Amino acid sequence: IHQMTTDQFHSFQSALAPENTKQHYEKKTLGGIREQFDGYETVTIPATILNADQRRERIVIEEVMNTTERKAFAGTKSLNPMQSTVFEAAFSTSENLLICAP
């Protein structure tokens with residue numbers, strides 16, 4: 001907390017505000033759109049657009065799996081970014097994995 005800027009501290013503080021308080025409803029929406037309705041509220045936050053150099057490489061299934069292994073991915077040409085990230089650990093080891101994604 002001591003190393004935070006004033007803006008960072010206020011953002012942190014407002015994130016801790018309990019529901020149904022003024023501070024709770026004045027939270028920043030990170031460039032999103034906040035809409036109030038009867039009994040509920042929606043907040044739409046646009047997805048972050050990554051530069052090409054920040055995107056993860058996708059693993060091409062034909063390059064890393066044999067014919068039998070590819071049957072589990074029928075109709076798919078490449079792994080998605082999350083699958084590509086954990087591929088080596090999931091495919092090449094017998095380690096337990098806990099994978100969480102939004």
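Q: How many helices and strands does the protein chain have, and what makes a stretch count as one of them?
A: The protein chain has five helices and two strands. Both kinds are DSSP runs numbered from the N terminus: a helix (H or I) needs at least four residues and a strand (E) at least two. Starting at the N terminus, the order of elements is α-α-β-β-α-α-α. This is a predicted model, in which local features need pLDDT of at least 70 and side-chain atom pairs count only at pLDDT 80 or more, while totals for chains, interfaces and linings use all residues. Residues are numbered from 1 along each chain as its sequence is written, and side-chain values use heavy atoms, with hydrogens and water left out.

Q: Why is Ser-84 called buried?
A: Ser-84 has a relative accessible area of 11%. Buried means under 20%, exposed means over 50%, and partly exposed lies in between (1.4 Å probe, protein chains only), so Ser-84 counts as buried. Ser-84 belongs to helix H5, which covers residues 81-92. Across the 102 residues of the protein chain, 11% count as buried.

Q: What does the side chain of Ser-84 reach, and how do you know that this is a polar contact?
A: The side chain of Ser-84 comes to 3.0 Å from the backbone nitrogen of Ile-59. A polar contact is a pair of N or O atoms within 3.5 Å; within protein, one must be able to donate a hydrogen and the other to accept it, and residues adjacent in sequence count only if both atoms are side-chain atoms. The 3.0 Å of this pair is within the 3.5 Å limit, so the distance fits the rule.

Q: Which residues are in contact with Ser-84, apart from its neighbours within four places in sequence?
A: They are Glu-57, Arg-58, Ile-59 and Leu-79. Contact here means heavy atoms within 4.5 Å.

Q: What makes Phe-37 and Tyr-40 a stacked pair?
A: Rings of Phe, Tyr and Trp (its six-membered ring) pair if their centres lie within 6.5 Å; planes under 30 degrees apart count as stacked, over 60 as edge-to-face and the rest as tilted. By this rule there are two aromatic pairs. In one of them, the rings of Phe-37 and Tyr-40 are 5.0 Å apart, centre to centre, with 20 degrees between the planes. That is within 6.5 Å and under 30 degrees, so the pair is stacked. Phe-37 is partly exposed at 39% relative accessibility, and Tyr-40 is partly exposed at 47%.

Q: How do you know that Phe-87 and Phe-91 are stacked?
A: Their ring centres are 4.9 Å apart and their planes differ by 20 degrees, so this pair passes both limits as well. Phe-87 and Phe-91 both sit in helix H5, four residues apart, about one turn of the helix.

Q: Phe-87 and Phe-91: which of them is buried and which is partly exposed?
A: Phe-87 has 6% relative accessibility, so it is buried. Phe-91 has 37%, so it is partly exposed.

Q: Why is the meeting of Arg-34 and Glu-41 called a salt bridge?
A: A salt bridge is a side-chain nitrogen of Lys or Arg within 4 Å of a carboxyl oxygen of Asp or Glu. The side chains of Arg-34 and Glu-41 meet at 2.9 Å, N to O, which is within that limit, so the name fits. The structure holds one salt bridge. Arg-34 is partly exposed at 28%, and Glu-41 is partly exposed at 26%.

Q: Where is Glu-35, and what does Glu-35 touch beyond four places away in sequence?
A: Glu-35 is in strand S1, residues 33-37. Glu-35 touches Tyr-40, Glu-41 and Thr-42. With a relative accessible area of 36%, Glu-35 is partly exposed.

Q: What is Thr-44 in contact with, leaving aside neighbours within four places in sequence?
A: Thr-44, part of strand S2 (residues 40-44), is in contact with Gly-32 and Ile-33. Thr-44 and Ile-33 are eleven residues apart in sequence, and their C-alpha atoms are 5.1 Å apart in space. Thr-44 has a relative accessible area of 46%, so Thr-44 is partly exposed.
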